[in-house]
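Here are a few exercises to work through with the model open beside you. Try each task before reading its solution.

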Amino acid sequence: MGKTIRQLSEELKLSKQGINQRINSINGFRSKHTYKVKNHLEIDNQGVKMLANFDKQKLQERQPNRQAENDKDKNIDHILLKQLDVKDQQILNLQQALDQQQKLQIATFAENHRLKEHVQKLSGLLEPSSTPQQQQSNDKDDTLSNSYNASHIKDKNDKQNENKVAEYGDRQKKVSESKANNSWWHFW
């Protein structure tokens with residue numbers, strides 16, 4: 001003997017709509033496990049068991065899906081962990097390269113500083129190496145050559161000025177002659 005939907009809803013502590021949803025979600029349930037008695041629908045004993053175990057059955061159906069999802073999540077986690085390891089290694093390599101670059105820069109700076117000091121020492125050695133007598137004779141030679149050059153330049157400038165005055169006089173003469181030659185045109 002079967003049970004009605006109302007009796008089943010009281011027994012399972014579900015609403016009538018909940019029972020109807022379970023019935024509709026199972027393929028072929030109405031044709032196999034329900035029959036009509038007078039004005040109401042009754043469910044046979046096998047159908048009652050199926051509806052009572054509906055949650056367990058859905059849970060079992062979902063279990064493989066959950067297992068597959070868990071496996072997929074584990075694979076994704078594994079892939080992400082591998083990628084993190086690769087990125088950590090890349091960061092470590094970049095950090096080592098940066099440290100090496102900084103050490104090279106410090107060494108280059110120290111070498112440049114050492115070379116500058118060496119150049120300063122060498123330039124200091126070159127200046128005092130000439131004796132005072134050599135410097136005095138060089139100074140005298142410079143003074144003599146400077147005075148000779150100054151007088152020579154003065155003579156040269158005087159000659160140039162005389163030449164310019166003579167050239168100016170010649171030009172003035174030519175201009176006045178050309179004016180005199182042009183004057184006969186006015187009378188003609």
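**Exercise 1: A hairpin and its sheet**

Task: In this predicted model, find how many residues lie between β2 and β3 in their hairpin, then work out the order of the strands in the sheet.

Solution:
- Step 1. Start at the turn: β2 and β3 form a hairpin with 2 residues between them. Lys 38 sits in this turn and has a positive phi of about 50 degrees.
- Step 2. Follow the pairing away from the turn. β2 and β3 are antiparallel and share 4 bridges; in one of the pairs, Tyr 35 has Glu 42 of β3 as its bridge partner.
- Step 3. Look for a further partner of β3 (residues 40-43). β1 is joined to β3 by 2 bridges, and these two strands also run antiparallel. Here Lys 3 is found opposite Ile 43 of β3.
- Step 4. Put the pairs together: the 3 strands make an open, antiparallel sheet in the order β1-β3-β2. β1 (3-4) and β2 (34-37) each have a single partner strand and stand at the edges, so one side of each has no neighbour in the sheet.

**Exercise 2: Two faces of α1**

Task: Which residues of α1 are buried, and which are exposed on the other side?

Solution:
- Step 1. Apply the cut-off of under 20% relative accessible area for buried. Ile 5, Leu 8 and Ser 9 are the buried residues of α1.
- Step 2. Look down the helix axis: the buried residues of α1 fall within an arc of 100 degrees, so they line one face of the helix.
- Step 3. Turn to the other side of α1, where Arg 6 and Glu 10 are exposed.
- Step 4. Ask what covers the buried residues of α1: the cover includes β1, α2 (16-25), β3 and α4.
- Step 5. Check a residue between the two classes. Gln 7, in α1 (residues 5-12), is partly exposed at a relative accessible area of 42%. Its C-alpha atom is separated by 9.6 Å from that of Glu 42, and the two residues are 35 apart along the chain.
- Step 6. Move just past the helix: Lys 13 takes a positive phi of about 60 degrees.

**Exercise 3: From α4 to the core**

Task: Find the buried residues of α4, then identify the residues of the largest nonpolar core.

Solution:
- Step 1. In α4 (residues 45-52), the buried residues are Gly 47, Val 48 and Leu 51. They fall within an arc of 105 degrees seen down the axis of α4, so they line one face of this helix.
- Step 2. Gln 46 and Lys 49 are exposed on the other side of α4.
- Step 3. Take Leu 51 and list its contacts, leaving out residues up to four places away in sequence: Leu 8, Leu 12, Ile 19, Arg 22, Ile 23, Ile 26, Phe 29 and Ile 43.
- Step 4. The largest nonpolar core has 10 residues, namely Ile 5, Leu 8, Ile 19, Ile 23, Ile 26, Phe 29, Ile 43, Val 48, Leu 51 and Phe 54. At least two residues of this core come from each of α1, α2 and α4.

**Exercise 4: One histidine**

Task: Is His 33 buried or exposed, and which residues does His 33 touch?

Solution:
- Step 1. Place His 33 in helix α3 (residues 29-33).
- Step 2. Compare its relative accessible area of 8% with the cut-off of under 20%: His 33 is buried.
- Step 3. Beyond residues up to four places away in sequence, His 33 touches Glu 42, Ile 43, Asp 44, Gln 46, Gly 47 and Met 50.

Note on methods: Residues numbered from 1 in each chain as written. Predicted model: local features only at pLDDT ≥ 70, side-chain atom pairs only at ≥ 80, totals over all residues. Heavy atoms only, no water. Buried < 20%, exposed > 50% of the residue type's maximum accessible area, 1.4 Å probe, protein only. Arc of directions from axis to C-beta. Pairing = 2+ DSSP bridges. Contact = heavy atoms within 4.5 Å. Core = buried A, V, L, I, M, F, W, Y, C linked by side-chain atoms within 4.5 Å.
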